[in-house]
Amino acid sequence: MAEPLSIAASIIALIQITNSAVGYLYSVRGASREREAMISEATNLLGLLNGLRFRVESSNPDNEWFHALRGLATENGALDQCKQALELLLEKLAPSHEKRKMKDALGWRFKQNEVDCILERLGGLSSLVNVALEEDHFTLSQAIQHGMLTIGEDTAAIRQSTATLVDDNKLLKGMATGIMADTAFITDQRSLAIADWLSVNDNSKQQADLMTRHQSDTGRWFLESDAFREWEQGKYRILLCPGGPGAGKTMMAALAIDHLQKTARNRDSPVVFLYCNYKRSDDQGAVQLVRDILRQLAVHQPPIPKPIQTLYEKYSKSYPPEEAVVDTLEAICSDFADTMLVIDALDECNADVRSELLSILHTVRMKAKIRLLVTSRHLPDVHAEVQPERTLEIRALEADVVSFVNSHLLELSSCVRKSPDLQAQVVNAIVASVDGMFLLARLHLDSLKDKRSTKAVKNALVQLPSGSSAYDMAYQEAMERITPNQKETWT
């Protein structure tokens, strides 16, 4: 039975072998548009695969999601088949040892139909990893049961784990901002023991994963808004950012965290954050969430704060009571000039946890300076409990959706990549149908990846779902597209 380490090892192996292929794509001459399309698709998959790897490493092997995920790592399962396919692809990609000495040997070796097939498979695999990242064990189990996760047979179709770590330095740089905050100062075994005792939940990994997937020129409106700037400057303490499903609330939270970490003037104003998830309710009780915050504060700067060391010395062999945990948070925050706390998806905590957490934070805020930014769906209960001094609605701007769609056009078939007019039709149709939902734009793009002719693309654009049920319809269509023998669509 596959365990977290063995599944993570399989994912890492896919990432590594794909890096070799990506290295070739960057060095080969010719077919620049096709290469860019492959690299773009692979880069998107990179963030997803790394996200899945981090989720696996921090997963409880006993939960239902992990039981479903085990089906991916069986012998000749999806991960195994993908690895085999990638190895076969590398035989075509990588020049022989002698030819590597000859620069002329590094020429483009793919026909257009092979390029299209690889791009199609990469898009399908991204959808599969997205299913796994949703942590929906029922959907994942169904996908495995119906053979949807079988990658096989078509060697040209490998693109799965094109988890293109474009090169190791680029990946490390992209992930450094998020991970640095949680690891930079863990310099000895005692510090590591204290940090892990406080919490094994590493929010910085999710932060790093989100930033690798962020479209660089989107979301600026949020950071440049008067509401966010005034909150950042301390003109008020509580900012609530509500938004509808798929509007990009989590990405806006990640952008805010990244911005605050980069612009914090000194270490006397730490930035801490929580990513709430209703599927992790078992390990996201109010006290545990406070301990997640304490872990981040523990490694904010050396040495580990005295109140945390005292808490550890007193309760290291047991579970500390809520009062002791809250007192520790209060003592630490009182020593800082300001503490900026970002909580994403507060609505995904159950009502009791949400109320208890906000009550704790209210108590601490009476004696310490804490600025609170919260994202949530539009729920009256959340608004009443948070008691924001200001609100800022999160909704994907048309310009951001246009930029997002434009940046992914190279993932579509050659009939789109070669026609500026068809590209404009794709952008306009998707923007008109998503109604401020980034996630729906992603699903619409995925739905076009197997359309190989201009007629097929135009027919699909006319049928793009829109309205209140658009997301559910698009998601269902995405699941139906993920089959072992995906057919090309020409009509």
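Is lysine 249 buried or exposed, and what is the relative accessible area of this residue? In the predicted model examined here, lysine 249 is buried, with a relative accessible area of 13%, a value that falls under the 20% limit for burial. The residue belongs to helix α12, which spans residues 249-263. Leaving aside residues up to four places away in sequence, the contacts of lysine 249 comprise Cys241, Pro242, Gly243, Gly244, Asp344, Thr375, Ser376, Arg377 and Ile394. One of these partners, aspartate 344, is 95 residues away along the chain, yet the C-alpha atoms of lysine 249 and aspartate 344 are separated by 7.5 Å.

The setting of this residue can be described first at the level of the whole protein. The model contains 23 helices and 5 strands, and 56% of its 491 residues count as buried. Among contacts with a sequence separation of 6 or more, 82% are made by residues that lie 24 or more positions apart.

The strands form an open sheet of 5 members, arranged in the order β2-β3-β4-β1-β5 and paired in the parallel sense. Strands β2 (271-275) and β5 (390-391) are the edges of this sheet, each of them pairing on one side only. Strand β2 runs parallel to β3, to which it is joined by 5 bridges, and within this pairing valine 271 stands opposite methionine 340 of β3. Strand β3 also pairs in the parallel sense with β4 (residues 370-376), again over 5 bridges, and here methionine 340 has arginine 371 of β4 as its bridge partner. At the other edge, the parallel pairing of β1 (residues 238-242) with β5 extends over 2 bridges, and leucine 240 is placed opposite threonine 391 of β5.

Strand β3, which comprises residues 339-344, is mostly covered, with 6 of its 6 residues buried. This cover applies to both faces of the strand, since the buried residues include Thr339, Leu341 and Ile343 on one side and Met340, Val342 and Asp344 on the other. Aspartate 344, buried in β3, is also among the residues touched by lysine 249.

The loop between β3 and α16 contains alanine 345, a residue that has a positive phi of about 60° although it is not a glycine. For context, most residues other than glycine have a negative phi. With a relative accessibility of 6%, alanine 345 counts as buried. A second positive phi, near 55°, occurs at glutamine 387, which is likewise a residue other than glycine. Glutamine 387 is located in the loop between α17 (380-386) and β5, and its relative accessible area of 57% classes this residue as exposed.

Two helix pairs illustrate the packing outside the sheet pairings. Helices α13 (residues 286-298) and α16 (residues 351-365) pack at an angle of about 45°, and their axes are 8 Å apart; the two helices are therefore oblique to each other. Their crossing is right-handed. At this contact, Ala286, Val287, Leu289 and Val290 of α13 meet Val353, Glu356, Leu357 and Ile360 of α16, and by class the contact consists of 7 nonpolar, no polar and 1 charged residues.

For helices α20 (residues 420-434) and α22 (residues 454-462), the packing angle is about 15° and the axes lie 10 Å apart, which makes α20 roughly parallel to α22. The crossing of this pair is left-handed. The contact brings Leu422, Gln425, Val426 and Ala429 of α20 against Thr454, Val457, Lys458 and Leu461 of α22, and its residues divide into 5 nonpolar, 2 polar and 1 charged.

Helix α21, covering residues 438-448, is mostly covered, with 10 of its 11 residues buried. The buried residues of α21 are Phe438, Leu440, Ala441, Arg442, Leu443, His444, Leu445, Asp446, Ser447 and Leu448.

Terms used
Residues are numbered from 1 along each chain as its sequence is written. This is a predicted model: local features need pLDDT of at least 70, side-chain atom pairs count only at pLDDT 80 or more; totals for chains, interfaces and linings use all residues. Side-chain values use heavy atoms; hydrogens and water are left out. Two strands pair if DSSP finds at least two bridges between them. Helices (H or I, at least four residues) and strands (E, at least two) are DSSP runs, numbered from the N terminus. Axes are lines fitted to C-alpha atoms, for helices over the stretch in contact, and angles run from 0 to 180 degrees between N-to-C directions. Angles under 35 degrees count as roughly parallel, over 145 as roughly antiparallel, 65 to 115 as roughly perpendicular and the rest as oblique. A crossing is left-handed if the near helix is turned anticlockwise from the far one by less than a right angle, and right-handed if clockwise. Contact means heavy atoms within 4.5 Å. Ala, Val, Leu, Ile, Met, Phe, Trp, Tyr, Cys and Pro count as nonpolar, Asp, Glu, Lys and Arg as charged, and the others, Gly among them, as polar. Buried means under 20% relative accessible area, exposed over 50%, partly exposed in between (1.4 Å probe, protein chains only).
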